[in-house]
Amino acid sequence: VLPSPEGPVPSVSITEIRQYLRAQGIPFNDGYSCLHTPSLFTGRWEDQPAPSASTPYTLFIDKTTGSFLCTATLAEGTWQDFQAHVELRHRGIPPDSAEELEEDERQAREDARCIWDRALPLWDLLDEDETNKTKAMFGISLVTDATLKRFGVRYLRTAKSLVFPWFSPRNATLKGVKLARMEKKGDAVAYVEETLPRFDSYHNLFGLPLISRRDTELVITGWELDTLALHQATGVASVALPRGATCLPPALLPYLEQFKRITLWLGEDLRSWEAAKLFARKLNVKRCSLVRPGDLQPRPIEALNRGLNLTKILRAALPASHKSIVSFRQLREEVFGELVNTEQVAGVKWIRFPELNKLLKGHRKGELTVFTGPTGSGKTTFISEYALDLCMQGVCTLWGSFEINNIRLAKIMLTQFAGQRLEDQLELFDEWADRFEDLPLYFMTFHGQQNIKTVIDTMQHAVYMYDITHVVIDNLQFMMGHEHPSVDR
């Protein structure tokens, strides 16, 4: 849930952050998406001299939101928390240590540890036949045992799942795991993932602990198997995002600051390409290149299986920063891509509403759709199912429900998600609620008439934090109130 209207996140500009750091005498470097300063949280408090040029800069302040992360101690917080710690420091009070886990998170780590202990190293199953069958099932027959061993990939027999570890880059302790299994859906085979802890606190960059301080180039992929393939075929440093092309949580940006060049190779469809352009803006476009999806440039694991030259594909990556004026030659590839993928260009199709696909073709970013109808005609019921359909396909969705409260809206959506009346089967509630919780769905906590600027600030904050691509306002009249003159409305 996003911050409530009583206390929306006070926005802070990068200029204010710089002025504050200078006024407090805290040295800083200007990074790509963060400012770097010495940590307030390392070493014994009394012995700490004033920060000097030789102090390692392990604290990162996000230029967009002001929130900070110290990679040495994992202390994190908002810009207001940072200022509070600086004040405490002046009074000689040591800050709290960061690693105080909440009960839920401690439990999640214990569960992850249990799964990890029960899983077998994939390169070392009982007999070679089982290893080969398992690798064939996941399409990784060409990935060598050495690569699997290097990344620590294991296999959980009972769940027929690959297990990818999340190790803390600081002290190599296990912080969580991702389970991935194959499911047959008709003729197609889908890849199903589960994470421990739940996805909103699963901030793993798979492959991060294997990167050295000296690496300056990195390839970011949208899938753990792509990272395995890339590393094996090219030897380049590579990490996989925790939620693929769905989102790039800002909490991960500090770990990506050391790289002078980042190549995004997220997948093989247009949505991955759109996501790559979006993430490049967060990472600073000047240092980013993008691998354009195409028949000869499929995702890395596919390229490895087809015997393509991955190094050559990486060299052909396009710079993310377009000049202000371009010629058709520079757009030519993009135009060809749109002609080849007309279906995908039309947007994300609804599964539950085939008739709607004929009218609207699909959900496209940057478009406004207005639904009108008299009171009680079913606008909210329809829109909640319409949005849920997209959300289940990985479209990050933000709801602003100004007319009915979030609890009632969530109840409607959960019923639509489960496809049955949960009032009559309460014993199924937890199972469906757990699955519902994993959708990339967020609610604004406003209700009734609101100041439009506050609402838009909250939306912008949500777009940056959660990579929202679909916003639903229900309804405009309630949000605007009735006393605005018609011109403003």
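**View 1. Nonpolar surface patch involving helix 10 of the predicted model**. Phe328, Leu331, Val335 and Leu339 make a nonpolar surface patch of about 380 Å². Patches consist of residues with over 30% relative accessible area and no salt bridge, with like charges joined within 9 Å and nonpolar side chains (Val, Leu, Ile, Met, Phe, Trp, Tyr) within 5 Å; a salt bridge requires a side-chain nitrogen of Lys or Arg within 4 Å of a carboxyl oxygen of Asp or Glu. Areas are computed by the Shrake-Rupley method with a 1.4 Å probe, and for residues only the protein chains shown count as cover. Phe328 lies in helix 10 (residues 328-340), helices being DSSP runs of H or I with at least four residues and strands runs of E with at least two, numbered from the N terminus. Phe328 is exposed because its relative accessibility is 55% (buried, under 20%; exposed, over 50%; partly exposed, in between).

**View 2. Ala188 in strand 10**. Strand 10 covers residues 188-196. Ala188 is partly exposed, at 47% relative accessibility. Ala188 and Tyr20 are separated by 168 residues in sequence and by 55 Å in space, C-alpha to C-alpha.

**View 3. Cysteines Cys288 and Cys396**. The structure holds zero disulfides (pairs of cysteine sulfur atoms within 2.5 Å). For Cys288, the nearest cysteine sulfur belongs to Cys34, 13 Å away; Cys288 is buried, at 3% relative accessible area. The sulfur of Cys396 lies 5.4 Å from that of Cys247, the closest cysteine sulfur, too far for a bond. Cys396 is also buried, at 2% relative accessibility.

Residues are numbered from 1 along each chain as its sequence is written. In this predicted model, local features need pLDDT of at least 70 and side-chain atom pairs count only at pLDDT 80 or more, while totals for chains, interfaces and linings use all residues, and side-chain values use heavy atoms, without hydrogens and water.

Key
Buried < 20%, exposed > 50% of the residue type's maximum accessible area, 1.4 Å probe, protein only.
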